[in-house]
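Got your viewer open and a selection box ready? Let's walk through this one stop by stop, picking residues as we go.

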Amino acid sequence: MEASPEPPPQGRGLLLVRRQPPASKGLLETLKARLWRSCTCSVPRAQALVQDLVPATRWLREYRPREDLAGDVMSGLVIGIILVPQAIAYSLLAGLQPIYSLYTSFFANLIYFLMGTSRHVNVGIFSLLCLMVGQVVDRELQLAGFDPSQDSLRPEANSSALSSPNTSLVLGPQGCGRDCHAIRVATALTLVAGIYQVLMGVLRLGFVSTYLSQPLLDGFAMGASVTILTSQLRHMLGVRVPRHQGPGMVLSTWLSLLRSLGQANLCDVATSAVCLAVLLAAKELSDRLRHRLKVPLPTELLVIVVATLVSHFGQLHRRFGSSVAGDIPTGFVAPQVPDPRLMQRVALDAVSLALVGSAFSISLAEMFARSHGYSIRANQELLAVGCCNVLPAFFHCFATSAALSKSLVKTATGCRTQLSSVVSAAVVLLVLLVLAPLFWDLQRSVLACIIVVSLRGALRKVRDLPQLWRLSPVDALVWGATAATCVLVTTEAGLLAGVLLSLLSLAGRTQRPRAALLARIGDSAFYEDATEFEGLVPQPGVRVFRFAGPLYYANKDFFLRSLYSLTGLDAGRSAARRREPGSEGAGGEGEPVHGKAPGSVNSRVRLVPAAAGFHTVVIDCAPLLFLDVAGMATLQDLRRDYQALGVTLLLACCSPSVRDALRRGGFLGEDQGPEEEQLFPSVHSAVEAAHARHGELMVADSAL
């Protein structure tokens with residue numbers, strides 16, 4: 001801090017000397033310097049860049065096998081066991097064959113192990129993203145002439161026959177059947193979404209996901225869960241209904257299900273009832289005993305094994321017509337470049353997919369980082385999740401993101417680092433290479449039950465709505481509107497509605513903030529809202545006004561209306577009438593007291609009439625976050641109007657940014673007097689200055 005050239009005089013109090021800001025460089029010089037730093041290459045910079053892009057190269061060198069290895073192996077095995085049945089089940093949501101879900105789980109775990117900054121998040125297949133992928137796949141299949149209601153798990157689904165002999169819009173190559181075209185659409189969508197996420201990471205746009213608030217994400221999860229539940233009912237009932245698209249898809253599906261209840265497969269219905277009872281009971285038991293169980297019960301895997309054995313030896317597919325998973329091949333398919341034409345068609349759909357995946361991934365990573373005492377890098381998380389979509393898209397995989405349920409299991413089973421993801425990938429690889437054909441007789445109704453039970457946590461969030469309403473009705477409205485739009489229209493429309501409503505609620509909160517007149521708390525130097533607290537002492541002749549929000553173009557009129565209403569004086573109209581030609585100052589509202597003629601008193605010593613009841617207005621600027629041009633003009637006009645009426649306007653508790661804006665805007669001009677006579681460090685100091693100034697004016701007026 002710069003030293004004062006002279007010591008402050010005695011009795012003047014503390015002297016605050018502003019630091020001189022450093023000389024700012026021009027925009028061109030700044031860009032040149034940053035470009036030069038970015039292009040400068042050296043061995044340390046190259047190593048730091050590699051470590052930033054691939055964080056595993058940094059933390060693997062510090063890995064402690066004795067402390068971390070046992071927990072990582074245990075959590076990796078548990079997650080791998082959970083991943084296998086979920087991967088096979090979620091293929092129903094995406095409209096793809098189970099082998100592609102296994103591919104996705106394998107590659108996503110390996111890539112996030114290398115590039116992720118969170119130690120506990122599990123990145124892989126996620127029900128909401130599977131639903132969004134499946135909706136795009138169904139739409140493109142219908143446009144290509146295939147029947148979307150034909151299940152991908154049926155053996156005849158690989159046929160290239162179209163649903164209509166007159167259909168000619170087939171985007172795939174010759175001989176590419178339904179499953180072939182479905183995975184081509186999914187990989188194209190995944191690649192575009194991954195490119196969006198990588199670009200967001202490169203451009204440092206990790207903050208964008210913060211605009212998807214938690215109530216919005218919870219409402220979206222609730223609405224999407226209802227949509228997922230609706231889509232799985234046909235598998236649980238064993239009926240074949242059209243796969244509706246567009247607005248009203250959920251309602252249309254329910255109507256189709258009601259019409260087809262008479263055709264339900266009794267074997268599938270009985271299997272679904274038993275599986276739901278077992279899975280729900282096991283989940284409740286796990287929740288109650290979660291403090292005693294070191295490892296969660298592998299209920300899904302046990303149900304799949306038992307159901308597969310019962311279906312195989314009972315020959316449920318042949319005897320009762322129960323739908324089964326069919327052939328799941330082993331090994332890997334040769335990589336393939338996604339179709340550029342399909343990428344153009346799904347470019348808009350990939351936007352919502354990228355935003356939802358990024359928002360859930362970053363929010364979960366930050367949540368686990370806070371609870372375990374470390375930090376993550378949001379932009380690197382975008383790069384990691386984006387690469388989990390870009391690279392696997394060439395290996396017949398679809399969109400992935402972080403999943404809450406598996407991340408919680410991962411933490412509960414002792415995970416210490418992302419090395420557990422390698423163990424999980426090894427379990428999935430074992431299934432891919434050896435065990436996949438054993439699930440041929442697995443009923444699809446069992447897979448649907450696993451999906452429905454996994455929605456239990458999201459569906460339970462509806463119980464939090466009353467408490468959310470008590471805490472914040474606006475957030476509860478965002479939650480409800482997002483969920484309702486997802487159910488009644490589409491999931492994409494629900495996400496868009498939630499974002500727009502969140503932004504509107506944010507604008508509404510700043511457009512009409514709370515305004516109040518303050519009064520003194522006894523003999524202290526503190527002031528509070530006189531309508532909220534009792535026993536406060538109003539200051540005679542002074543009105544202290546607090547506006548709990550920024551002052552900008554959208555709320556400047558509300559600011560003036562609130563001030564005029566609370567003080568009882570419309571300074572704008574009163575000053576305008578005083579300035580009208582032919583009006584007499586002695587007969588106006590700004591008439592000086594004591595019967596003095598207007599010309600006999602200086603304008604700075606004129607007093608507001610007794611009807612107004614005050615001579616000074618103090619604005620508490622502590623809640624004032626910022627000022628824009630319109631807000632600055634409002635304050636200048638307000639001061640001019642008050643001066644015309646003989647009222648002084650003072651500002652108190654201005655933040656440094658507001659003070660700088662007032663200086664740049666010319667509010668603190670030399671013609672208005674010294675700055676310390678206009679801005680005060682506290683409300684109390686402004687009130688005392690107002691009383692002292694008024695006393696001086698009274699003495700001067702009496703002398704005249």
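Start with α4 and α6, which are oblique to each other. Their axes come within 7 Å and cross at roughly 40°. To see the contact itself, select Tyr90, Leu93 and Ala94 on the α4 side. Then add Ser127, Cys130, Leu131, Val133, Gly134 and Val137 from α6. One thing to keep in mind while you click around: this is a predicted model.

**Zoom out for a moment**

Show the whole chain as a cartoon. You should find 27 helices and eight strands. The protein has 704 residues, and 49% of them count as buried. If you like contact maps, here is one number to go with yours: among contacts with a separation of 6 or more, 78% are between residues 24 or more positions apart.

**Back to α6, other partner**

Keep α6 (residues 127-143) on screen and bring up α8 (residues 214-237). At what angle do these two pack? It is about 60°, with the axes 10 Å apart. That makes α6 oblique to α8. Look at the handedness too: α6 passes α8 in a left-handed crossing.

For the side chains, select Ser127, Leu128, Leu131, Met132 and Gln135 in α6. Across from them, pick Phe220, Ala221, Ala224, Ser225, Thr227 and Ile228 in α8. Ser127 and Leu131 may look familiar, since they also belong to the contact with α4.

**An enclosed helix: α18**

Next, select residues 444-454, which is helix α18. Ten of its eleven residues are buried, so this helix is largely enclosed by the rest of the structure. The buried ones are Arg444, Ser445, Val446, Leu447, Ala448, Cys449, Ile450, Ile451, Val452 and Val453.

What covers them? Colour α4 (65-94), α8, α10 (266-288), α11 (299-314) and α19 (456-460), which are included in the cover.

**α5 against α15**

Now display α5 with helix α15 (residues 378-390); their axes come within 9 Å and cross at roughly 155°. That makes α5 roughly antiparallel to α15. On the α5 side, the contact is made by Ala108, Ile111, Tyr112 and Met115. Facing them from α15 are Gln380, Glu381, Leu383, Ala384, Cys387 and Cys388. As for handedness, α5 passes α15 in a right-handed crossing.

**Aromatics**

Turn on all the Phe, Tyr and Trp side chains. How many aromatic pairs does the structure hold? There are 15. Go to Tyr103 and Phe332, a stacked pair: 5.4 Å centre to centre, with 15° between the planes. This pair links distant parts of the chain, its two members being 229 residues apart. Tyr103 is in helix α5 (residues 98-115), while Phe332 is in the loop between α12 (316-320) and α13 (340-345).

Add a surface and check how the two partners sit. Tyr103 is buried, with a relative accessible area of 3%, whereas Phe332 is partly exposed, at 40%. Then widen the selection to Tyr100, Tyr103, Phe106, Phe107, Phe332 and Phe395, which form one aromatic cluster.

**Two arginines over rings**

Select Arg119 and Tyr374 together: Arg119 lies over the face of Tyr374, at 4.3 Å from the ring centre. Then jump to Arg639 and Phe667. Here the charged end of Arg639 sits over the ring of Phe667, 3.9 Å from its centre.

**Last picks: two buried residues**

Find Ser505 in helix α22 (residues 491-511). Is Ser505 buried or exposed? It is buried, with a relative accessible area of 14%, and the cut-off for buried is under 20%. Leaving out neighbours within four places in sequence, its contacts are Val474 and Val478.

Finish at Thr634, in helix α25 (residues 629-644). Thr634 is buried, with a relative accessible area of 7%. Show what is around it: not counting residues up to four places away in sequence, Thr634 touches Lys556, Phe559 and Leu560. For a distance label, connect the C-alpha atoms of Thr634 and Leu551, which are separated by 8.8 Å although the two residues are 83 apart along the chain.

Key:
Residues numbered from 1 in each chain as written. Predicted model: local features only at pLDDT ≥ 70, side-chain atom pairs only at ≥ 80, totals over all residues. Heavy atoms only, no water. Phe/Tyr/Trp six-rings, centres within 6.5 Å; stacked < 30°, edge-to-face > 60°. Helix = DSSP H or I, 4+ residues; strand = E, 2+ residues; numbered from the N terminus. Buried < 20%, exposed > 50% of the residue type's maximum accessible area, 1.4 Å probe, protein only. Lys NZ or Arg CZ within 6 Å of the ring centre and 35° of its normal. Axes fitted to C-alpha atoms, helices over the stretch in contact; angles between N-to-C directions. Parallel < 35°, antiparallel > 145°, perpendicular 65-115°, else oblique. Left-handed = near helix turned anticlockwise from the far one by under 90°. Contact = heavy atoms within 4.5 Å.
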